[in-house]
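Here are some short exercises for you to work through with the model open. Try each task yourself before you read its solution.

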Amino acid sequence: MKTSHYALAIAATLCAHTAQAQQDQIIQFKRGHNAAVMVGEVKGYNKTYVFNARQGQKATVTLTPIGSNASPLSFSLYSYCGGAEFGQTLSIETTNWRGILPCTDQYSIDVSPDQNGIKNNYRLKYTLKVKIQ
């Protein structure tokens, strides 16, 4: 009986990680281009984008709502230098960020509504632009 509970716990954990991985969207820059634009939407909670960049590159991230959103949107930017499990916060709850990236590794952008948007489960559309130089 203990074995089946253990197996169920492992299965539930794997499903949760799979669901999270499916939600993350990889930002890929087209060959010869230094910017990418994504059009997306969040409903309730955040949407995560991930990209790779090199130490010392200049990055600009801009979030623009589409239409008359019922709730404000913002993003937070995290770096995962040295394969860190938890990201170091580079920016939190903003719509524009510009800076120099601290390491050659993976970065993530979490787009999220404010508490009112989460509470009311609003569907909010946006454009996210990431530029790397």
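Rings of Phe, Tyr and Trp (its six-membered ring) pair if their centres lie within 6.5 Å; planes under 30 degrees apart count as stacked, over 60 as edge-to-face and the rest as tilted. This is a predicted model, in which local features need pLDDT of at least 70 and side-chain atom pairs count only at pLDDT 80 or more, while totals for chains, interfaces and linings use all residues. Residues are numbered from 1 along each chain as its sequence is written, and side-chain values use heavy atoms, with hydrogens and water left out.

**Exercise 1. Aromatic pairs**

Task: find how many aromatic pairs the rule gives, and describe the pair of Y49 and Y126.

Step 1. The rule gives 3 aromatic pairs.

Step 2. For Y49 and Y126, the ring centres are 6.5 Å apart and the planes stand at 85 degrees, so this pair is edge-to-face.

Step 3. Now place the two residues: Y49 is in strand β3 (residues 47-53) and Y126 in strand β9, 77 residues apart, so the pair links distant parts of the chain. Strands here are DSSP runs (E, at least two residues) and helices are likewise (H or I, at least four), numbered from the N terminus.

Step 4. Both tyrosines, Y49 and Y126, are buried, where buried means under 20% relative accessible area, exposed over 50%, and partly exposed in between (1.4 Å probe, protein chains only).

Step 5. Move on to F51 and Y107, a stacked pair with 5.5 Å from centre to centre and 15 degrees between the planes. Because F51 lies in strand β3 and Y107 in strand β8 (residues 105-113), this pair ties together parts that are 56 residues apart in sequence.

Step 6. Check burial: F51 has a relative accessible area of 2% and is buried, and Y107 is buried at 0%. Ring pairs also bring F29 into a cluster with F51 and Y107.

**Exercise 2. An open sheet**

Task: work out the strand order of the open sheet formed by 4 strands, and name its edge strands.

Step 1. The order is β2-β9-β4-β7, with antiparallel pairing; two strands pair if DSSP finds at least two bridges between them.

Step 2. The edges are β2 (35-43) and β7 (96-100), each of which pairs on one side only.

Step 3. On average, neighbouring strands of this sheet are turned by 15 degrees against each other, direction ignored. The axes behind this angle are lines fitted to C-alpha atoms, for helices over the stretch in contact, and angles run from 0 to 180 degrees between N-to-C directions.

Step 4. Look inside the sheet: strands β4 (residues 58-65) and β9 (residues 123-132) run antiparallel and are joined by 7 bridges. T64 stands opposite T127 in β9.

**Exercise 3. Two residues of one strand**

Task: decide whether S91 is buried or exposed, and do the same for E93.

Step 1. S91 sits in strand β6 (residues 88-94), and E93 is found in strand β6 too.

Step 2. With a relative accessible area of 8%, S91 is buried. Neighbours within four places in sequence aside, S91 is in contact (heavy atoms within 4.5 Å) with F75, S76, L77 and W97.

Step 3. E93 has a relative accessible area of 61%, so E93 is exposed. Its phi is near 45 degrees, a positive value in a residue other than glycine.
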